[in-house]
Amino acid sequence: MDATYAYLVQLLPAAAHWPPWLVVALIAALPALACFTFMSLGPLVYVYGERKISAFMQDRLGPMRVGPYGLLQTVADTVKLLFKEAIFPKGVDRRLFVLAPLLVNVGAFMPFVVIPWGSRLQPADLNVGVFYVVAIASLSTVGLIMAGWASNNKYSLFGAMRSAAQIVSYEIPAVMILLVPVMIVGSLSLRDITEAQQGGLPSWFLFRYFPIMPVAFVVFFVAGLAETNRAPFDIPEAESELVAGFHTEYSGFFFAMFFMAEYTEMFVLSAVATVLFLGGYLAPHPALQTLGLVGLPQVSLGWFWLWFKAWSLVFVMMWLRWTLPRSRVDQLMHIAWKVLLPIALVLVVVVGGFVLWPATSGGFPWDRWVGWPLAIALGAFLFLVMVRALQWNRRRARELTA
Amino acid sequence: MGQWFKDVWEGFFTVLVGMRITWRHLFTDPVTLQYPSVRWPLPPRSRMRLFMKYEDCIGCGQCVRACPVSCISLKAEKRPADAPPIWAANGQPIKLHVSVFDIDMSLCCYCNLCTYPCPTDCIYMTPEYEFATSDLTQHLYRFAKKDAVFITEDPKKKAAAPLPAPAPAPATPPAKAAGA
C-alpha cells in the first residue's frame, strides 16, 4: 500500500494534496479493477488455448467456425452460458447452492492481491504473502464442499468429498515446498522472494542447490496441479465416474463461475510457482527487464515476464492434461502421502541445513563441521522412518493376504 | 527403499515420455477436413443417392423386384398401338408407358442391387449425398415425367446406317463409321 501510494504520488504529484479517502479508494480500486478485468477475461483465452492445444495434440483442428480460427468461440460460449437459465433442482439448499460458486471464486481471485507484477506493481505487498495465498486458496475447498452438499446429489457429494480429501492431502507437500524458498529468502512476502532472485536466469531458485530445487519445483507443481483439480488429478469431476462431480447440478452462470474459478486457480498456481522458483517478474537476463527507445522513458517489462512464465506453466498443465490418463483415488493418495510428502520433508530438512550452515560462512567452518553431520543424521533418521514404514506396510499387506 | 526410488523415477520418467509424444503431435498436421469447404474425395463407385433416367426406362420392373426393401414403386401400361415407336439409348424399344416411377430414398438401403438387372442402365447410384431434409416426404423422388423427349429413331439402325451424304473428305469418314 505504501509503495503504491509513493508511486501514485510520483506519477501524480497533486495526489499528495487529495483527501486520504480518495487516495485510498484509488489505490484499492484501480488494481482491483485491473486484476478483475484481466482475470475475468483470462479464462476466455485459457479455454480457447486449452481447446486448441488439446485439438492439436490429438491431430484435430479445434474450434474453427466462430470468428477467424475460432477465436470468438469462447466469447460465444460465455454469452450462451450467461443467458442460460440457472436451474435449481428440487431439494437443493438454495442459499448454499448460490453461495458455493461465489466462495470458490473468492478463493481463486483473492491471491491476486499479493502477486507482484513488477517491483512496484502489486496490489498489496503483504508481509505474510505466501501464507495469505495458502490460506485464501483453501477457501475454494469450502466452496467445493458447499456445492457438493447443497446439490443434494450423491455424485456431487462424492466429488466434493474427493476434492476435500485431495486438497487436504496435497496442501501438505505444497506448503512444505513453499517453505523452501521462504527459508532461503527469510521472508514471506512474494516481492521479497522475487527480489532475492535478482541477476538473471542462473540466480532463479529453480537452479539453486542444483539437484534439490528442481525436485522441489516438480513436487510443488504436481501438488499444485492436484490442488487445482486438474487432470491427471481431476477425480473430483471425473466424468466417467461422477457425471461432473461437484458441479453436476450447476448450469448457466453458476457453472460458468466454477469454470472461471478453475482456470483462474490454474493461473494463480502458475504465478505463485513462477514467483517462488522462476524469478517472478524478473527477466531471464537483466538487460531484458526494461524496454524503450533511446531518449524515451524505459518501460518495465515485469508484468510481461510474470505473465509469460505463468502462461508457460499453464501450458505445461494443459500439456499434462492431454498426456496423462486420470489417476485412481488410491493412486492419488499414494502419490500425495507416500511420494510427495517424504520428498518434501527431506527437501525441507536439507535446504534448511544449507540455509542454516551456508557453505560460504567465514572463518573456520565449525558450524559446518557440526551442522553437516547433524543434517545427514536427520536425513538418515527420516530415511529410516520411511524404511520402517514401508516394511510395516509390506508386512501388513502380507498379513492381510494371508 | 531402492524399489521406492525406482518407482518414483519411473513414474516421473514415463510422464516425460508421454509428454514427448504429445509434444510431437502438437506439430503434426491435423487430419480434420473442414467439411463444407473441404470435401473428402469419394471413392470410385460410391453408392449415394439413386437416380433414374426416365427417357431410357423400358418399364420392365426388374429393379422393383430386385429391391430388398421395396423402395421403388413403378406403374406401367402398354403404349397405344398407334403411338410413334420410341427407343432407349442402348437401342431397346420402349413398349410400355411408365406413368409412375417413385424411389423413396428414406427407405433405400444403398445396396445397389437395383442397378445390376436394369437392361438399359437407366437406374444408377450418383455420388450425391447431401440430400438431408427436415421432412422425410421430401425423400420421395418422383422420376416419371410428363414432358419427356424420347428417341424416336432406332439408335441401332442409325448406327448401322452409313453416314448420310456430306462426306467431303472421301476416304476417312466411312472408315471411322465402319470402325464404330
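## Reading helices, cores and strands in a two-chain model

Modeller: Let's start with chain B, which runs α-β-α-β-β-β-β-β-β-α-α along its sequence. Keep in mind that this is a predicted model.

Biologist: How many helices and strands does chain B have in its secondary structure?

Modeller: Four helices and seven strands. Let's look at how some of those strands pair. Strand S2 (residues 72–78) of chain B lies antiparallel to strand S5 (residues 96–104) of chain B, with seven bridges between them. To find your place there, take B:Ile72, whose bridge partner in S5(B) is B:Ile103.

Biologist: Which other strand of chain B do bridges join to S5(B)?

Modeller: That's strand S7 (residues 140–142) of chain B, antiparallel to S5(B) and joined to it by three bridges. In this pairing, B:Asp102 sits opposite B:Arg142 of S7(B). As you look at side chains here, a general idea helps: in a regular strand they alternate between the two faces of the sheet.

Biologist: What share of the residues in chain B is buried?

Modeller: Of its 180 residues, 11% are buried. As for contacts in chain B, take those between residues at least 6 apart in sequence: 77% of them join residues at least 24 apart.

Biologist: Now the contact between the chains. How many residues does each chain bring to it?

Modeller: Chain B brings 14 and chain A brings 13. On the chain B side, eight are nonpolar, six are polar and none is charged. In general, the size of an interface is often given as the accessible area lost when the parts come together.

Biologist: On to chain A. How do I read a long helix such as H13?

Modeller: Compare its span with the expected one, then look for bends. Helix H13 (residues 329–356) of chain A has 28 residues and spans 39 Å from first C-alpha to last, close to the 40 Å expected at 1.5 Å a residue.

Biologist: Where in H13(A) does the kink lie?

Modeller: At A:Leu340, shortly before the proline A:Pro342, and the kink is about 35°. A:Leu340 is also one of the buried residues of H13(A), along with A:Leu332, A:Ile335, A:Ala336, A:Ala344, A:Leu347 and A:Val351. The buried residues of this helix pack against helix H7 (154–185) and helix H9 (212–227) of chain A.

Biologist: What about the largest nonpolar core? Which residues touch the most other members?

Modeller: A:Ile177, A:Phe220, A:Ala273 and A:Phe277 do, in a core of 91 residues. Its largest share, 17 residues, comes from helix H11 (residues 252–277) of chain A. Apart from this core lies another, of 18 residues, which include B:Leu50, B:Ile72, B:Leu74 and B:Val98.

Biologist: Which residues is A:Phe277 in contact with, leaving aside its neighbours within four places in sequence?

Modeller: A:Pro181, A:Trp204, A:Phe205, A:Leu206, A:Met213 and A:Phe217.

Biologist: Last one: which backbone angles should I check in the loops?

Modeller: Try phi. A:Asp59 has a phi near 60°, positive although the residue is not glycine, and A:Asn152 likewise has a phi near 60°. A:Asp59 belongs to the loop between helix H2 (20–57) and helix H3 (73–83) of chain A, while A:Asn152 is in the loop between helix H6 (139–150) and H7 of chain A.

Biologist: Why is A:Asp59 called partly exposed?

Modeller: Because 13 other C-beta atoms lie within 10 Å, and a residue is partly exposed between the cut-offs of 12 or fewer for exposed and 20 or more for buried. A:Asn152 is partly exposed too, with 15 other C-beta atoms within 10 Å.

Terms used. Residues are numbered from 1 along each chain as its sequence is written. Chains are lettered from A and ligands numbered from 1 in the order in which they are written. This is a predicted model: local features need pLDDT of at least 70, side-chain atom pairs count only at pLDDT 80 or more; totals for chains, interfaces and linings use all residues. Helices (H or I, at least four residues) and strands (E, at least two) are DSSP runs, numbered from the N terminus. The expected span of a helix is 1.5 Å times one less than its number of residues. The bend at a residue is the angle between axes fitted to the seven residues ending there and the seven starting there. Two residues are in contact if their C-beta atoms, placed from the backbone, lie within 7 Å. Ala, Val, Leu, Ile, Met, Phe, Trp, Tyr, Cys and Pro count as nonpolar, Asp, Glu, Lys and Arg as charged, and the others, Gly among them, as polar. A nonpolar core is a set of buried Ala, Val, Leu, Ile, Met, Phe, Trp, Tyr and Cys residues joined through C-beta atoms within 7 Å. Two strands pair if DSSP finds at least two bridges between them.
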